[in-house]
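User: Could you take a close look at one part of this model for me, the open sheet and what packs on it? After that, a few words on the loops would be welcome too.

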Amino acid sequence: MTRPLDCREIAARYFDWVSREVSGMRRRPRLATVLFRPDQNPASLKYRDLIVKDAARLGVAVEAHESDSEESLLAMIRRLNADRQVTGIMLFYPLRAAIHDEDVMDRVSPLKDVEGLHSANLGFLVKYKRFLDEARGIKCVVPATAKAVVKALQAYPEIPVSGAFAVIVNNSMRVGKPLGLMLENLGATVVKCYDKTPRPVLESMVRQADILVTAVPDPAFKLDASWVKPGAAVVDVSFQGNIDAAALEGRASFATAADNRIGVMTRAMTFVNLVYCARNIPLRRTARVPVLG
């Protein structure tokens, strides 16, 4: 029998933690969201609205900003970086802008980077550095979606990460790359497959995976459920579904359900990161952090 990875239930625990932390803060955190060309990014608009609703429920103040040009986008990020009232900044990728997403990620102050995508924060992940200041309990921020996958797996002791062979079907800066580092840091052997991976190699890797994470945004991309190793844990991060969840019944040990995927966990991890950003405010007075532009 395949057990569901109950992302909603796990996320609720983290949302409750955020709510408790926020209610105990003398200065409540303030999140600034920045949405680029909302008329061209309906999925991002919907996701932004979910974030705003979450914030209201958690007692977090939100500034919802929008931009319709690359110039105004970069100017807005500079202003929010300098605004002492803003605790965290969140953009919605992919931007589909002339400037590369990765370049925009490095324009956000790493101390306000609730998505954990600035090169400095990714560098801490490479080094497996968990604290900016351990004595004061100020933790590093790591990418929210990758963190969501790890926390979902760790919620079930029956899914061992250390010693596991993990296959990630994604190699993006937001999911595959940081998730691979996180799983390696926890003792897994990791292989990442992507659009350049030959189909026979992909099949071979999937058949060996103890943990399979797929996050391909292309609606046409599908993984054959018969490739999944009996007893494997399967996490489908994609919005439209990369693998038929029903076909995994009785084959996978754990799997995300079509109506209960990792998105709600990502939102929860974003607010966990916001709490971490709120705690690093004492560092902002003295820190010299690399912010481009």
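Analyst: Here is the sheet, followed by some loop residues.

A quick note on the source: this is a predicted model, so local features need pLDDT of at least 70 and side-chain atom pairs count only at pLDDT 80 or more, while totals for chains, interfaces and linings use all residues. Residues are numbered from 1 along each chain as its sequence is written, and side-chain values use heavy atoms, with hydrogens and water left out.

On to the sheet. Six strands make up an open sheet with parallel pairing, and the order is β1-β11-β10-β9-β7-β8. At the edges sit β1 (3-4) and β8 (189-193), each pairing on one side only. Helices and strands here are DSSP runs numbered from the N terminus (H or I, at least four residues, for a helix; E, at least two, for a strand). Two strands pair if DSSP finds at least two bridges between them. Take β10 (residues 233-236) and β11 (residues 254-255): they pair in the parallel sense over two bridges. Ala 233 has Phe 254 of β11 as its bridge partner.

Helix α8 (residues 199-208) packs on this sheet, where it touches β7 (165-169), β8 and β9 (211-214); contact means heavy atoms within 4.5 Å. The direction of α8 makes about 140 degrees with that of β7. Axes are lines fitted to C-alpha atoms, for helices over the stretch in contact, and angles run from 0 to 180 degrees between N-to-C directions.

Now the loops. Asn 280 is in the loop between α9 (263-279) and α10 (281-284). Asn 280 counts as buried because its relative accessibility is 1%; buried means under 20% relative accessible area, exposed over 50% and partly exposed in between, with a 1.4 Å probe and protein chains only. Neighbours within four places in sequence aside, Asn 280 is in contact with Leu 111, Leu 132 and Ile 138. A polar atom of the Asn 280 side chain lies 3.0 Å from the backbone oxygen of Leu 111.

Tyr 128, in the loop between α5 (119-126) and β5 (131-133), is partly exposed at 44% relative accessible area. Tyr 128 isn't a glycine, yet its phi is positive, about 55 degrees. Arg 37, another non-glycine, has a positive phi near 45 degrees and lies in the loop between β2 (30-36) and α2 (42-58).

Finally, Tyr 93 and Pro 94 are joined by a cis peptide bond, with omega about 0 degrees. Pro 94 is in the loop between β4 (88-91) and α4 (101-105).

Definitions and conventions
A polar contact is a pair of N or O atoms within 3.5 Å; within protein, one must be able to donate a hydrogen and the other to accept it, and residues adjacent in sequence count only if both atoms are side-chain atoms.
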